[in-house]
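Here is a friendly briefing to read alongside the sequence and the 3D view. Have both open as you go through the points.

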Amino acid sequence: ARCGFITVMTHPTTAGVLASFASLGDIIVSEPGALLAFTGPRVVQQTTREKLPDDFGLAESNFRYGHIDAIVPRPELRPMLGGLLRLFADGR
């Protein structure tokens, strides 16, 4: 399509949404503290019977592992998205 795909993940982004189109963005942005996981930590902990890190599945953890590109508070989201859209528009 020759255009960028920007994904904005808010709290919570889970299950099929995360597993399908949300993770395919060219640029993936999240709000701070958002849960971004296939399922919640309680279910994972009950299934694996292991203690999970306190930040399991949160945006900050996903950023650390390279799953998302930026964590942006909602008040700063509009200007940041505007800048990204301008970058994509310049590359026609």
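**A leucine at the surface**

L24 counts as exposed, because its relative accessibility of 61% is over the 50% cut-off. You will find L24 in the loop between helix 1 and strand 3 (27-30). Please keep in mind that this is a predicted model; the rest of the tour is grouped by topic below.

**The surface patch**

- L24 has company: together with F5, V17 and F21 it forms a nonpolar patch on the surface.
- The accessible area of these four residues together is about 390 Å².
- For the protein as a whole, the accessible surface comes to about 6,300 Å², and carbon and sulfur atoms hold 58% of that surface.

**Inside the protein**

- In soluble globular proteins, nonpolar side chains tend to be buried together.
- Which residues make up the largest nonpolar core here? That core has eight residues in all: M9, L18, A22, I28, A34, L36, A59 and I68.
- L18 is a good one to click on, as a member of that core. Leaving aside residues up to four places away in sequence, L18 touches M9, T13, S23, L36, A37 and F38.
- Apart from the largest core lies another core, of six residues, and I27, A70, V72 and L84 are among them.
- Of the 92 residues of the protein, 29% count as buried.

**Salt bridges**

- Side chains of opposite charge can pair when their charged atoms come close.
- How many salt bridges does a search of the whole structure find? It finds three.
- R74 and E31 meet through their side chains in one salt bridge, at 2.7 Å from N to O. R74 belongs to helix 4 (residues 74-90) and E31 to the loop between strand 3 and strand 4 (36-37), so this pair ties together parts that are 43 residues apart in sequence.
- Is E31 buried or exposed? E31 counts as buried, because its relative accessibility of 13% is under the 20% cut-off. Its partner R74, at 53% relative accessibility, counts as exposed.
- R64 and D55 also meet in a salt bridge, with 2.7 Å from N to O. R64 counts as exposed at 52% relative accessibility, whereas D55 is partly exposed, with a relative accessible area of 21%.
- K51 and D54 form a salt bridge as well, at 3.8 Å from N to O. K51 is exposed, with a relative accessible area of 65%, and D54 is exposed too, at 76%.

**Overall layout**

- The protein has four helices and five strands, and along the sequence they follow the pattern β-β-α-β-β-α-α-β-α.
- Along its principal axes, the C-alpha trace spans about 50 × 30 × 20 Å.
- Among contacts with a separation of 6 or more, 42% are between residues 24 or more positions apart.

**How confident is the prediction?**

- The average pLDDT of the protein is 89, and 96% of the residues score at least 70.
- Where is confidence lowest, and where is it highest? Confidence is lowest in helix 1 (residues 15-19), with a mean of 84, and highest in strand 5 (residues 70-71), at 98.
- As a reading rule, where pLDDT is low, the predicted coordinates should not be read in detail.

Technical notes:
Residues numbered from 1 in each chain as written. Predicted model: local features only at pLDDT ≥ 70, side-chain atom pairs only at ≥ 80, totals over all residues. Heavy atoms only, no water. Core = buried A, V, L, I, M, F, W, Y, C linked by side-chain atoms within 4.5 Å. Buried < 20%, exposed > 50% of the residue type's maximum accessible area, 1.4 Å probe, protein only. Contact = heavy atoms within 4.5 Å. pLDDT = per-residue confidence, 0-100. Helix = DSSP H or I, 4+ residues; strand = E, 2+ residues; numbered from the N terminus. Patch = residues over 30% accessible without salt bridge, like charges linked within 9 Å, V, L, I, M, F, W, Y side chains within 5 Å. Areas by Shrake-Rupley, 256 points an atom, 1.4 Å probe, with all protein chains shown as cover.
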